Amino acid sequence: MKKLTLLLTSVLFLWTEGYVIQVPTETTNIKTTSVGWVHIQKLLMPLFENVCEESTDPIVVRLNEEFKLDPSHGFYMKPDVIENLQNLKANKGMLAKGEIFTEYDADHLNELKIVYDVLYYAKDFDTFYKAACWARQNVNCGLFVDAIYLAILNRRDTEKISIPAPYEVLPNYFIRKDFIIKASSLIRGETFTLPEWVRNEGNAYILDVNYTTNYYDDSDDKLAYFHEDIGLNSYYYLNRLKILPWITDLRNLQRNNCGEHIYHSMKQMMARYDLERYSNGLFELEGIDWDYIDEYSYDPMLIYSNGNEFSQRKRGNYDSEILMMLKNIENGLPAVVVHMRDGGYNKSEIINHLMEILVTGEKSYENLALQFLGVDKAVSRVPSALEHYMTTIRDPIFWKLNKKIVDIVDKALQVLPSYTRSQLYFPGVVVQNVEVKKIMSSFDNFEFDVTNALKSEGEDVKFQVKINQPRLNHKPFTFKITVSSQVAQKALIKLYLGPKVMPGELVEKKNMFMLLDRFEFNLKIGSNVVTRTSNDMMILSDDFTSLETLHKKVLDAEFGLDTLRSKSVWLQTRFPSRLILPKGTPEGLPMHLFVFVAPYVKATLGGTRNTLDLNSDAILSPGYPLDLSVEIQQLFNLPNALVKDIVITHKTESSFNKATNAYNSGNNDNIWQSSDVEFNRPNKPLALSARPAFKKTFDYKSKKNQYGKKNDYLKKDEIIEDRKTKDLITEDETSTKLSDETGPDNIEVINNIYITPEFGHDKSTEDKIDKNNMYYKISPFDIYDTEDVYFTPSDLKDTSNFDKFTDTDYNIKPRPLLKMPKKRFINYTLPY
C-alpha cells in the first residue's frame, strides 16, 4: 500500500510540474500559407535547380515548348514586351548560355531588362510561369537568375513564397574554386583520396570550407569571414538588383525617398564594416584617393560555371579619361546641392538626385569607378569579382569605394539646415536607463547542399555533397529600456550601436553608429519599461530556407501534415540578423549603445499638432537623427536620448572544425589611436589618420546629466510653456541667448542653440539661372511649414553669381546626369 501511495504521489508531482502535458499560456500567431501559395511554391522551385543546365522537370519542359514568341499568345500589361524580345533575338541575338553574364555590361543589362519585362508584365500567373519556363531553358543562366529573382520580388502573385538562397543556386560565386572543383569531382564519381577537409557522413560528403587568405594586406585576412559571408553577399546581391535603373524609376512614381533609402543602406554597410574593423583592432577605413591608388591586385579565387576562373584585378589598368570624369562629378556635386536647396527641393529630393548621379544612373559614378578599377578588357574578357552583384563585396576595394561615395554625399549635404530643436526634443520624455544582459558573439558551422547546383545533365547522383562553413553569429540578447513620460503618447524608438568613444567625439563619429532597431511604442504616463530582444528586431532577416527543406515542407503541406509559413519576399532580403553585432573579444569589446526616442508630437508656436503634418520629413527619414550635421548639445544631451556603455564578448571555446580556427581566437590587440596622442602615420596603403583609443579609461561620473541614469531632467511642472508670447532670437553672434523659460533649466542644449524665424525663398532670382550651364531652370517653391524654425548654417557659400560658382574647365563635356530634375517628385510617406 505504501508503494502504491508513493507511486501515485510521484505521478501527481510529475504531472503538476508539466512533465505529462503542458498547456500553452500564450497564443501563437504564425501565419500559414494557403493551398494556392503552396502550389505556386512547388512550381517555382524547379526553376532554381541546376540553373546552368537545361531543366529535366516535365512541367518546365512542356511549358517551354508551348511558349510562343507571339504577342497574341498570352496576356501582358505591356503588349510590346514580346515584340522587344523578338527584336532582340532577330537583331543582336541573345547572350549564349555558356557565356559569362555581368550586370556592368550595357548590352547584358539591356537584355536583362527585356527578359524581366516579359516576366514582370505577364497579366496572370499562368502567363508568367510559362514565360519563366521558356527563360529557364533558353536564357543565359546568370541572366535568368537575376530576372527570376527580380520578377518574384516585384510581382503580386509571388509575394508570399520563400525564395531560395543565391548561394544554393550558384555556389561557385560564393565558395572558393578549389572546394567547388572537389565537390564537382565527387558528384561525377571520380576516384581519389579524400583530403582531411572532406568528411563522409552517412549518405553525404561534407566539405569543411575556409575563406580566402591571399589578400594584398595581412589586415584584410582578419576580415575574410566578413567580406565573404554568404549571407552578406546574398543580401547585397538581392538589394542591388532592387535598385537597377528601371526598377528605381518605377518606384519613384510612388514615393519620393527611394534615393534616401539607398544612401541610408550604404551608410549602414559602412558603419557595420567599420565596426568589424574595430573589433579586429584595425583602423577606420578611408575612401579611395584618386590621386593615390593603392598598388595591389586581388584574386577572388572563384570559378565560373563554364570553367573559366574569375579574372584577377591587377594594378596599373587605369584610364585617365575616366579618372577625370570621376573627379568632375565629385567637384560638381556641392553646386548641385546648393542649387537644389535654393530652388526649393527638400532633403529627400536632393538625395534622390545625388543617388541617381552616383549609384542608380546608367552612367553613374559607381559604374565609372568600377570600370576604372576593373579588369582591362584589352587583356582579358573574363570579368572580375567587381563585375557581379553576387561577388562585388568580396573585393576589399569595394568598401573603399563605398566609403568614398558616402563621404561625398555627407560633405555635400553639410550646406543643408540641421534638424530643428522641435524635431529632436521630445517634451516630457526622458530615457532614464538601459539594462543590457550578456551579449556574446560566436562562430557557428553552417551546412548547405550543392548537389543539384553542380551536377551535369543526365547525372543521377545517389548521395549528397554539402558545404560546411563557419559563420559569425551571436547568442540572443535583450535590451531593457526605461522611459518616463508625462503624457500618454506614441513614440518612435531607435537603437544604434557604435564604437566606444570619448563623449566629446560622439558627433565626429556619428556615421560609425549602425541602426540596430526601430519600432513604435505607446508610452503611458509615468515609467515605461520597454523590453526589446534580438528576435524582435524587424529590420533584419533570418537565414533563407534551403531548397531541401522547402521540398519537404511543400510535400508535408500537400498531405496536410504541415504548412509553410507565410512571409513576404521583401522581408527575406533584409540585413542578416546573424551579422547585426560585430565579433567581440574574449576580454570584452567596449561599445556604445545610443537610444533615441523620437517625438511624434511636438510643441509649436500654434500649439500641439500631429507629427504626420509637421514632422514627417524628420521621422520618415531612414537616417534620422544622425543623417544631418548635429551638435552634441543639440542631440546627445537631450533627455530623450541616452548613450550607454556595453560590452560584447566572444566565445572561443567550442568544438568547431578546423575551418573555424582562424576566427575564434582573434583579439583586439591594435587599439585605435587617440586624438590626444602623437601618432606617426604609417606609410602603407591602408595608413589612416589618427583615431581615438577606445580602451582609454574615462571618468564618466564627472559628466553630469550625460551618461547613465537621468531621473532629474524633467519634473512634472517643467513642461514647456506656450511660446506664443516669447520672442525668437536671431543667429547673429551679437544676439542674446534664448531665455531659460523656453525649456527645462537643466537641458543644456536650450541655452546653446541660436535659432532664426523661418526663412523664405526669394523668387526674384528665378530667372537669374543660366540656361546654358549643366542645370535645368527650375522654379523655387516653399517647402517648409511657417510655424517651424530652422537653424541657419553660418558657412553657406555665396551663390549669387552661380555662373562663376560652377564654371570650371573640366576638359570634357559635362555629363547629362548632372542636370537638374525636370519636375518635383510626388509626395509619399513610407511607414516604418
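M440 touches H474, K475, T649, H650 and K651, leaving aside residues up to four places away in sequence; contact here means heavy atoms within 4.5 Å. The residue belongs to strand β4 (residues 439-449). Helices (H or I, at least four residues) and strands (E, at least two) are DSSP runs, numbered from the N terminus. M440 counts as buried because its relative accessibility is 18%, where buried means under 20% relative accessible area, exposed over 50%, and partly exposed in between (1.4 Å probe, protein chains only). The C-alpha atoms of M440 and K583 are separated by 8.4 Å, although the two residues are 143 apart along the chain.

The model is predicted: local features need pLDDT of at least 70 and side-chain atom pairs count only at pLDDT 80 or more, while totals for chains, interfaces and linings use all residues. Residues are numbered from 1 along each chain as its sequence is written, and side-chain values use heavy atoms, with hydrogens and water left out.

**Confidence**

pLDDT is the predictor's confidence in each residue, from 0 to 100. Its mean over the protein is 75, and 68% of the residues reach 70 or more. Over residues 1-30 pLDDT stays under 50, and the model has five contacts beyond four places in sequence for them. Residues 602-614 also have pLDDT under 50 throughout, with 31 such contacts.

**Cores**

A nonpolar core is a set of buried Ala, Val, Leu, Ile, Met, Phe, Trp, Tyr and Cys residues joined through side-chain atoms within 4.5 Å. The largest has 124 residues, and W290, W399 and F594 have the most contacts inside it. Apart from this core lies another, of 87 residues, including W37, I180, Y304 and F446. Beyond four places in sequence, W290 touches L323, L326, K327, E330, Y365, A369, F372, L373, L401 and K404.

**Helix packing**

W37 is also one of the buried residues of α2, together with V38, I40, Q41, L43 and L44. Their cover includes α3, α6, α7 (141-154) and α21 (547-558).

Two packed helices are described by the angle between their axes and the distance between the axes. Helix α5 (residues 106-120) packs against helix α6 (residues 125-138) at about 150°, with the axes 8 Å apart. Axes are lines fitted to C-alpha atoms, for helices over the stretch in contact, and angles run from 0 to 180 degrees between N-to-C directions. The pair is therefore roughly antiparallel; angles over 145 degrees count as such, under 35 as roughly parallel, 65 to 115 as roughly perpendicular and the rest as oblique. From α5, V115, V118 and L119 meet F128, A131, A132 and A135 of α6.

**Backbone and loops**

Most residues other than glycine have a negative phi, and most peptide bonds are trans. The table lists two residues with positive phi.

| Residue | Phi | Loop between | Relative accessibility |
|---|---|---|---|
| N50 | near 50° | α2 (35-44) and α3 (58-66) | 11%, buried |
| M301 | near 60° | α14 (258-279) and α15 (320-342) | 18%, buried |

A cis peptide bond joins Y624 and P625, with omega about 10°. P625 lies in the loop between α23 (616-619) and β15 (641-650).

R394 is in the loop between α17 (365-373) and α18 (396-412). With a relative accessible area of 1%, R394 is buried. Its side chain reaches the backbone oxygen of F174 at 3.0 Å.

Key
Polar contact = N/O pair within 3.5 Å; in protein donor to acceptor, adjacent residues only side chain to side chain.
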